[in-house]
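Here is a short briefing on the structure shown below. Keep the chains in view while reading.

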Amino acid sequence: MKLQLFKSDMNSNGYTLQKMAIRLGAFAAFLGIMVFFAVTARGFTTSYNILNIIEQSTILGFLAFGITVVFIGTGTDVQKGGIDLSIAANAGLCAAVYAVLLERGYGDSLAIPAAIATGLCVGFLNGFAVVTLRIMPLLSTLAVMNIAAGLELAVTQNTVIGAASPLLDTLAFGKFLGISALAWCLIIGAALMVAIVHYSPVGLRLYSVGGNVEAAKSVGIYAGRYVYGSYLFSGFAAGAASILIVARLSASTPGTGLLLLPVLAAALLGAVFSRRFVPTIGGTLLAVLFIGALSNGFQLLGISSYWVSGVQGALILVVVAVTSFAKKS
Amino acid sequence: MTVNNKTLTPKMSLESMSHKAVYVAFIGVFILFSMTAEGFLNFDNFSNLIANKVVLLAIVALGMTIVIAAGGIDLSVGVSIDLASMAFIMMIGAGHNGVFAVIVAILVAACVGLTNSLLINKLKIDPFLATLGVLFIGKSVQQLATSGGVPIYLTKSEFAAPFEAITRTSLFGIPTPFLVLVACVIAVYLALHRGKFGRYVSALGAQPGVAKYSGIRVPFQLTLVFVSCSVLCGISGVLLSSTVRSYVPLAGDAFLLDAIGATFIGTAISKERKPSVFGTILGVLFLAMLRNGLLLLGLNFFWQQVGIGLLVFIVLGLSFGLRKRAE
Amino acid sequence: MNSVAVEMRDVSKVFGPVKALNQASLTIEYGTIHGVVGQNGAGKSTIIKVLAGIYRHDEGSIFVEGKELKSITPKIIEKCGIHFIHQDRLLVSTATVAEAIFLRNEPTFGPFINHRKMNAQATELLQRYFDLELDPTTLITDLSTAQQKIVQITRSLSQNAKVLVLDEPTAALVTKEVESLFTVLRRLKEEGIAIVFISHYMSEIESICDTVTVLRNGENVGQVSPKEVGIEKIVTMMTNRDTSEMYPRRNVEVGAPVLEVDNLSLASHFDSVSFQVGAGEVVGLAGLLGSGDKEVLQSLFGLLPPDSGTVSIDGTSHKFRSPVNAVENGIAMIPEDRRAHGVAVNLSIAENITLASVDKISKRGFVNRQEEIESVDALIEELGVKTPSGDMLVRNLSGGNQQKVVVAKWLSCDSRVYLLDEPTVAVDVGSKIEIYGLINRLAAEGKGIVFVSSDFEELAEMCDRVLVIYKGEIIGEYEGSSINSEQLLAAASGKKITINRSAV
């Protein structure tokens, strides 16, 4: 005999439809805005501009991947789950360390490991606070954000520190198959992230830790290690992004911390593009490009950049309200 | 009357140790600075410290205390401060009456709290993200209103009267801003520790489900919580702009971490690790003293920021870590 | 192949002064379904946790396939092929069926998950064991509760489980799903798997179990076959006491109606529910899970505003849109989830007690502490809450005493009608008796009481009247001393509880 076990009530079907509608709506909004810019903003669709958007998105993308991993491993319920508010400030600190070391004449072989190690240290501090001390992540990472921002200022004395190295030249000006080095970084980085997060056992287990800690523990997964790992990764992502930041600006400049908002917006927005309404690498990538295109389009249309922060803030509110509405069962 | 003493004693001692630790740290740091930092132990230094650093932060921290006691958080305190300050300066600049300007400024701040509570109650966004969104929208609003963040200075003597009425007056030798702080402390103390409101707030903070199942108007109480926080921030904003006779866009952001830090340092003095008015004031004094001491020791602003960040981190670690142990 | 899979011999476990297990034994054979029954606190969950390696037993020995296990950890037990299906559905709701089945045992291709193989294996397992065609990429959140249970079982089977321990597997299942689950269990039994089945529902025990181990106060009082001895005998073995000891008698004259419910309806939950509760009367609502009994209670408290119908208290009719109205008009709720909705454990006893009645002890918004202390102390005294003072945190009280605090909260605001939602869930027998005493006290004070419980014996013993609710409708009413739990259960399951044994 066949077992009849499917949810048969109308509610669940309506509910699934609703989810689908929200997801399709997100894609439609994305496409709609792209088409709008393509039609109204002169030069939006030129290959130069599109590459420019992708290049701009690389740094944002690396940071957003970091925070996406934290969201995956700890759940997107910010108050109960996890978040890494320190990631942008951390990237600023790493960039400062990197630029200062280059300026003092140390080569990339020392400066790059130092920058990455700085990022990992900050990541470790976050993991220690959240997992070992069990401080609310949004409070502990807020405190760490201030420490990192303060250290950045202390290292740079709040000045622009110019930096140059062969690697930076390659990153800034190199091209391969007509695509710039920074764009390649985003492509390769995203591909690696997809492989790890969506195609490896580690990724699946990370999702299970973030989705239901008790369930993960009950099958013998050491949940704490995964959460630690996600904060460490977030620190690593900050370190990697810092090199790209220095490459793009040929310097370390104050104000990297301001990237926090678009990064958060991208990571939260990304969930709307996924079937399960969870953060995914693909969703985050799409969201990063969306946010990049948005500020680019604004620029081309001559809309004041003062709107950008407000639009991003509003975007976060809309996305969170919509996803919480979609998740409600 | 059986209480299991065996299991309670070690917990009690750990807890009592941890909440005495804050006093010990406070006195320790005080003595340290008195000995090492030249000019620290000095009446002018203290009165200057209180007038310039303590009053403004303490009023904001009181607001944050209410929100955190209710189990929420308000990242948009800076917006409330700035918008109140902006409204106040613009009103004065336009030649309006000082009292009217103060009222408008505080109403503007209250609107920020109202927005927060609408997002939380109606759209079910959690306080952290709701106030984060408002924080960034507030930034845009200020940039748009000031063409990208150009400060408004009202240093001309024709505008001086209302500012002097706020900052230069005193009662029985006590300057008005300090009196405002005292009034705020008393008001928040009465509401939070002696009033019905405080009961609802602590129920919300301890277990919102229980509050709901006890017939408490949860959305209404949350609105009160967020609006009162914003109003306090608005008061602080008015005092700030009167002191500097100008409106500097985004100046309020600097208060956020200190207010959160002070509130959580304050929780460390209570056995149940609850936010309290007394604790918060102690936290504010601690932070101000630390910043002042570090400055007098010759540390620049950047290292002060690192120091404060580390201190808040350590206090949070103690507060959460020991609570975990006690449970 | 009735060989012994697991034998627990003379196992004892002590928690402080409490002997949770006292030389209890349990023998499970392959190819059988073995029930474990007992009242709350009889040691069911303790013996299972000992077997799972979560608790260490103090005395006794445990044999798996005849070999004694010296040290027991969850890992060793899993290696022995003993798997546990916990009561709470421990699944990641955003995972797919295949991911949930193979989490931590993913088939890989190099360093990557072989998704195709994983999905194929999941499909095959579901087909083979359950004849179930389920798309392995379906999300867990889109599955019914029964399907989620099946996914959990499949997960165990994929790891070659030979013994399956199911803890209250039918809680949260509707009758039809229970039948399907039983079909699955019988099929597994025929494959030679040993199944341990823990349940409160005696009718389920009777219909599915080959043997039953009965526990009482941490001791096992026998291993019997339910089909031979019958349910009544097992119940007697479980309680072994005069029900009058367990359930204190009360002698209350039922007065005028305090609560009148008229034609209350809420789409897809319940329909045209009408009943009255008199002063001093305890009215039970008996329904199986999903029958709508809880929803009626929630509607009366304003949590689930009804579509139509009226609720009258002392003759005045109301429409409750939220708990705020309900509380104002004298309705009290003793919720099932005490820690989430009943008491705030990190607040003091006094703060909890006066939470719903702060208005009464306040003037112009200020709380009168003196008045509060007096009224709280009086209530603590009256209800016998075991605490040195009202300033103690509720966290430090036992479950029964926490429940007293909830009752005290409502007494302090003079509620007229008490809605009890599983008030004795997860409390020990001693506290249960105290809670029954509280119910009698409330009745004696002339309160109207509506009592929802999945323990039908409790309903039968404590209530003046019991209304049976089935699929959202009241289908029967039992009164006075004629009520018995078997009758209620039969009625609550729509008189179709005899699950077709020849289904497979």
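How many helices and strands does the secondary structure of chain A come to? The count for chain A is 13 helices and 4 strands. Chain B also holds 13 helices and 4 strands. The model is predicted. The points below cover chains A and B, then the contacts between chains, then one sheet in chain C.

**Chain A: overall form**

- The radius of gyration of chain A is 21 Å, which agrees with the value near 20 Å for a compact globule of 329 residues.
- Along the principal axes, the C-alpha atoms of chain A fill a box of roughly 75 × 55 × 35 Å.
- Of the 329 residues in chain A, 54% are buried.
- Take the contacts in chain A with a separation of 6 or more: 78% of them join residues 24 or more positions apart.

**Chain B: overall form**

- Chain B has a radius of gyration of 21 Å, and the globule rule gives 20 Å for 327 residues, so chain B is as compact as a globular protein of that length.
- The box filled by the C-alpha atoms of chain B is roughly 70 × 55 × 40 Å along the principal axes.
- Buried residues account for 52% of the 327 residues of chain B.
- Among contacts in chain B with a separation of 6 or more, 76% come from residues 24 or more positions apart.

**Chain B: annotated spans**

- An unreviewed UniProt entry lists "transmembrane region" for several spans of chain B, including residues 99-120 and 276-296.
- Other spans in that UniProt list include residues 21-43, 49-68 and 174-192 of chain B.
- Residues 99-120 of chain B are 100% helix and 0% strand. The end C-alpha atoms of this span are 32 Å apart.
- Residues 276-296 of chain B are 95% helix and 0% strand. Here the end C-alpha atoms lie 30 Å apart.

**Where chain A meets chain B**

- The contact involves 33 residues of chain A and 35 residues of chain B.
- On the chain A side, α5 (137-156) and α13 (306-327) each supply at least two residues.
- α5(A) gives the most to that side, with 13 residues.
- By class, the side of chain A that touches chain B has 22 nonpolar, 10 polar and 1 charged residues.

**Where chain B meets chain C**

- Chain B brings 20 residues to this contact, and chain C brings 26 residues.
- α8 (196-206) and α9 (208-213) of chain B each supply at least two residues of the side that touches chain C.
- The largest share of that side comes from α8(B), with 6 residues.
- The classes on the chain B side are 7 nonpolar, 7 polar and 6 charged residues.

**Chain C: a six-stranded sheet**

- Chain C has an open sheet of 6 strands with mixed pairing, in the order β6-β9-β10-β3-β11-β12.
- Why do β6 (82-85) and β12 (219-224) of chain C each have one side without a neighbour in the sheet? Both stand at the edges with a single partner strand, so one side of each is left free of a neighbour in the sheet.
- Neighbouring strands of this sheet are turned by 20° against each other on average, direction ignored.
- β6(C) pairs with β9 (residues 163-167) of chain C in the parallel sense, over 4 bridges.
- Within this pair, I82(C) has V163(C) in β9(C) as its bridge partner.
- Helix α5 (residues 145-158) of chain C packs on the sheet and touches β6 and β9 of chain C. The direction of this helix makes about 165° with that of β6(C).

How values were computed:
Residues numbered from 1 in each chain as written. Chains lettered and ligands numbered in written order. Predicted model: local features only at pLDDT ≥ 70, side-chain atom pairs only at ≥ 80, totals over all residues. UniProt positions renumbered as here; feature names shortened; annotations may be inferred. Pairing = 2+ DSSP bridges. Axes fitted to C-alpha atoms, helices over the stretch in contact; angles between N-to-C directions. Contact = placed C-beta atoms within 7 Å. Nonpolar A, V, L, I, M, F, W, Y, C, P; charged D, E, K, R; others polar. Rg over C-alpha atoms; globule rule 2.2 N^0.38 Å. Buried ≥ 20, exposed ≤ 12 C-beta atoms within 10 Å, placed from the backbone.
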